[in-house]
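Here are a few notes from going through this one. Have the sequence and the structure open while you read.

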Amino acid sequence: MPLLRPALLLLVTLLIAACGNAAPAANLANRQWQLIEINGQPPVVAGQPLTITFGPDNRASGFAGCNAFGGSYRLEGATIVFSQMVSTLIACADDAITAQEQAFHQALAAAARYELKNSVLSLLDRDGNVLLRFQAL
């Protein structure tokens, strides 16, 4: 009996820690996120907002300004890595939207960490600079 109480306390602590690690991934998945900032600036106004959705199957997809995109993502703690990203190839009619779309894809490729505070998702580079900010829809 004297060992039962410490063993239960250890088990509860481990379960809480495991749930704490799973919560951010669960908060990202199955939600659509709308871009509110790119490289410190608000996005160029376009006909349709820039978005990203994280599926539970480690697939990300969205709209980057003119083109839809998709690929894989991997989460480990606060680390995020996008890979095998592909995009449709529709030409943008506006040079500013074309430049923004290119910057958006470059930011996804450079993303190394993420932060989730309230309903705002920030993607950061290796140095901690915010590349993209999204608001949960």
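1. Let's start with one residue pair: Gln32 has Thr53, in strand S2, as its bridge partner. Bear in mind that this is a predicted model, so that pairing comes from computed coordinates.

2. Zooming out from that pair, strand S1 covers residues 32-38 and S2 covers residues 51-54. The two run antiparallel, with three bridges joining them.

3. S2 also pairs with strand S3, residues 59-63. That pairing is antiparallel too, and four bridges hold the two strands together. For a spot to click on, try Phe54, which sits opposite Ala60 in S3.

4. Now look at the turn. S2 and S3 form a hairpin with four residues between the strands. Asn58 is the residue to check there, as its phi is positive, near 65 degrees.

5. Next, the cysteines. How many disulfides does the structure hold? It holds one, and the partners are Cys66 and Cys92, with an S to S distance of 1.9 Å. The link is right-handed, at 135 degrees about the S-S bond.

6. The pair ties together distant parts of the chain, 26 residues apart. Cys66 lies in the loop between S3 and strand S4 (68-76), while Cys92 lies in the loop between strand S5 (79-87) and helix H2 (95-110).

7. Are these cysteines buried or exposed? Cys66 counts as buried because its relative accessibility is 17%, and the cut-off for buried is under 20%. Cys92 is also at 17% relative accessibility, so Cys92 counts as buried as well.

Key. Residues numbered from 1 in each chain as written. Predicted model: local features only at pLDDT ≥ 70, side-chain atom pairs only at ≥ 80, totals over all residues. Heavy atoms only, no water. Pairing = 2+ DSSP bridges. Disulfide = S-S within 2.5 Å. Buried < 20%, exposed > 50% of the residue type's maximum accessible area, 1.4 Å probe, protein only.
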